[in-house]
Amino acid sequence: MKSPSTSTSARGSASLNQSGFTLIEVLVTLALLMAIAGLGMLATLRPLRSAGIAGERDLIVALMTRARSRAMGNDGDVPHGFCYDPRGTYDVFAVPFSEVNKEEYGTKSASVNVSGVPACGSGNEIIFSQLSGTTSPAEIYLSEGDASTSIEINEEGTLLW
């Protein structure tokens, strides 16, 4: 026959050997996983927020590069320019500017604020000279939320962004 003290210690050691997690351990683990996931989402959202401004910058650079290339290629024996049409488009045109001389355009993003692009027909358009591609220096600023960037055009017509 077993003594009462032996059977009690046997039950006590059996309860210590049970496997599984306590509620506290599970909650702490879930809290840590949620914190890591939250930090990962913040890191992922930053590039997504700046994608709009990068796309707008790339569109402006591509259109100005097109205007400069056409001027340097002496396309039509005239200089070429770049401007912003208040109807919401960027225009590449053969000088002088007119609706007939517009060659290409790209639609401006509504979410990106752009300043420094001259209005079409204002007489201040960015004009690239024939053969040399030179122009008057200018700077275009873009912003969206807390992100911002700029495009600089030097007197040689080189675009720096």
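Which residue in E8 does Ile-153 stand opposite? In this predicted model, the position across from Ile-153 is taken by Leu-159 of E8.

## Sheet E4-E6-E7-E8

The pair Ile-153 and Leu-159 belongs to the contact between strand E7, residues 147–153, and E8, which are joined in the antiparallel sense over two bridges. These strands are part of an open sheet of four strands with the order E4-E6-E7-E8 and antiparallel pairing. Strand E4 (113–115) and strand E8 (159–160) each have a single partner strand and stand at the edges, so one side of each has no neighbour in the sheet.

## Sheet E3-E2-E1-E5

A further open sheet of four strands follows the order E3-E2-E1-E5, again with antiparallel pairing. Its edges are strand E3 (102–107) and strand E5 (126–128); each has a single partner strand, so one side of each is left without a neighbour in the sheet. On average, neighbouring strands here are turned by 20° against each other, direction ignored.

Within this sheet, strand E1 (residues 80–85) pairs with strand E2 (residues 89–94) over six bridges in the antiparallel sense. Gly-81 has Phe-93 in E2 as its bridge partner.

## Helix H2 and a nonpolar patch

Helix H2 spans residues 23–72 and includes Leu-23. The relative accessible area of Leu-23 is 63%, which means that this residue is exposed, the cut-off for that class being over 50%.

Leu-23 also contributes to a nonpolar surface patch of about 650 Å². The other contributors to this patch are Phe-21, Val-26, Leu-27, Leu-30 and Leu-33.

How values were computed
Residues numbered from 1 in each chain as written. Predicted model: local features only at pLDDT ≥ 70, side-chain atom pairs only at ≥ 80, totals over all residues. Heavy atoms only, no water. Patch = residues over 30% accessible without salt bridge, like charges linked within 9 Å, V, L, I, M, F, W, Y side chains within 5 Å. Areas by Shrake-Rupley, 256 points an atom, 1.4 Å probe, with all protein chains shown as cover. Salt bridge = Lys/Arg side-chain N within 4 Å of Asp/Glu carboxyl O. Buried < 20%, exposed > 50% of the residue type's maximum accessible area, 1.4 Å probe, protein only. Pairing = 2+ DSSP bridges. Axes fitted to C-alpha atoms, helices over the stretch in contact; angles between N-to-C directions.
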